[in-house]
Amino acid sequence: MAYAINHLHLKSADPERSAAWWAEAFNFRIVSDTTRSFGDRFIVCRSENEINVMISNERSGERLGAADGDAHLGLEHFGFDSEDLEADIARLEGLGATLAEPPVEAAPGVRICFLRTPDQVRIELIERRA
């Protein structure tokens with residue numbers, strides 16, 4: 001059996017604000033917005049390449065730990081292709097992201113950088129040059 005990634009799930013203190021940020025920053029479509037039976041607001045977004053990203057807040061009685069937009073163990077970051085790192089950095093900073101690690105050459109013809117979203121999700125931009 002082949003295993004396909006079904007979704008990624010982000011927790012947020014304000015799912016509506018977070019979903020709006022991802023929609024503006026990376027053209028995510030908001031597919032649904034509900035309150036589930038266990039009390040959390042649950043927003044389903046879909047990326048341009050059809051990956052589902054769920055965004056929700058705490059469930060009733062749940063206490064979430066602090067977000068960490070720095071390098072850490074566990075699921076560490078999202079990676080996004082970029083045609084122009086500097087332009088995308090400026091655009092995302094204009095939307096409230098902060099630069100965590102400036103652009104570096106990771107391999108010949110490949111540059112990367114890391115940013116923190118307003119909700120402290122770590123993202124990587126990858127620029128490939130011919």
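In the predicted model, 24 residues line the largest pocket, and Leu10, Lys11, Ala67, Asp119 and Val121 are the ones that lie nearest its centre. The space in this pocket comes to about 590 Å³. Strand E1, residues 7–11, makes the largest contribution to the lining, with 3 residues. By class, the lining of the largest pocket divides into 9 nonpolar, 8 polar and 7 charged residues.

The second largest pocket has a volume of about 430 Å³. Its lining holds 22 residues. Phe26, Asn49, Gly79, Phe80 and Asp81 lie nearest the centre of this pocket. Three elements, E1, strand E5 (78–82) and helix H2 (85–94), each supply at least two lining residues. Of the elements, E5 gives the most, with 5 residues. The class composition of the second lining is 10 nonpolar, 7 polar and 5 charged residues.

Enclosed space was also examined. The count of cavities of 30 Å³ or more is 1. About 30 Å³ of space lies in the largest cavity. Its lining consists of Leu10, Lys11, Ser12, Ser18, Trp22, Ile55, Asp119 and Val121. Leu10, Lys11, Asp119 and Val121 are also among the residues nearest the centre of the largest pocket. Strand E1 and helix H1 (15–26) each supply at least two residues of the cavity lining. By class, this lining has 4 nonpolar, 2 polar and 2 charged residues.

Aromatic contacts form a further part of the picture. The model contains 8 aromatic pairs. In one of them, the ring centres of Trp22 and Phe78 are 5.2 Å apart and the planes stand at 45°, so the pair is tilted. An angle of 45° falls between the cut-offs of 30 degrees for stacked and 60 for edge-to-face. This pair links distant parts of the chain. Trp22 belongs to helix H1 and Phe78 to strand E5, and 56 residues separate them. Both partners fall under the 20% limit for burial. Trp22 has a relative accessible area of 2% and is therefore buried. Phe78, at 12%, is likewise buried. Trp22 also takes part in the cavity lining described above.

The two rings belong to a wider group. Trp21, Trp22, Phe26, Phe28, Phe78 and Phe80 form one aromatic cluster. Two members of this cluster, Phe26 and Phe80, recur among the residues nearest the centre of the second largest pocket. Phe26 has a charged neighbour as well: Arg91 lies over the face of its ring, at 5.9 Å from the ring centre. A second arrangement of this kind involves Phe114. There, the charged end of Arg122 sits over the ring, 4.1 Å from its centre.

A polar contact involves strand E4. Ser56 is found in this strand, which spans residues 52–56. The relative accessibility of Ser56 is 0%, so the residue counts as buried. The side chain of Ser56 is joined to that of His9 by a polar contact of 2.7 Å.

Methods. Residues numbered from 1 in each chain as written. Predicted model: local features only at pLDDT ≥ 70, side-chain atom pairs only at ≥ 80, totals over all residues. Heavy atoms only, no water. 1 Å grid on protein atoms, 1.4 Å probe; cavity = no way out; pocket = protein on both sides within 12 Å on 5 of 7 lines; lining within 4 Å. Points joined across faces, edges and corners; volume = space filled by probe spheres on them. Helix = DSSP H or I, 4+ residues; strand = E, 2+ residues; numbered from the N terminus. Nonpolar A, V, L, I, M, F, W, Y, C, P; charged D, E, K, R; others polar. Phe/Tyr/Trp six-rings, centres within 6.5 Å; stacked < 30°, edge-to-face > 60°. Buried < 20%, exposed > 50% of the residue type's maximum accessible area, 1.4 Å probe, protein only. Lys NZ or Arg CZ within 6 Å of the ring centre and 35° of its normal. Polar contact = N/O pair within 3.5 Å; in protein donor to acceptor, adjacent residues only side chain to side chain.
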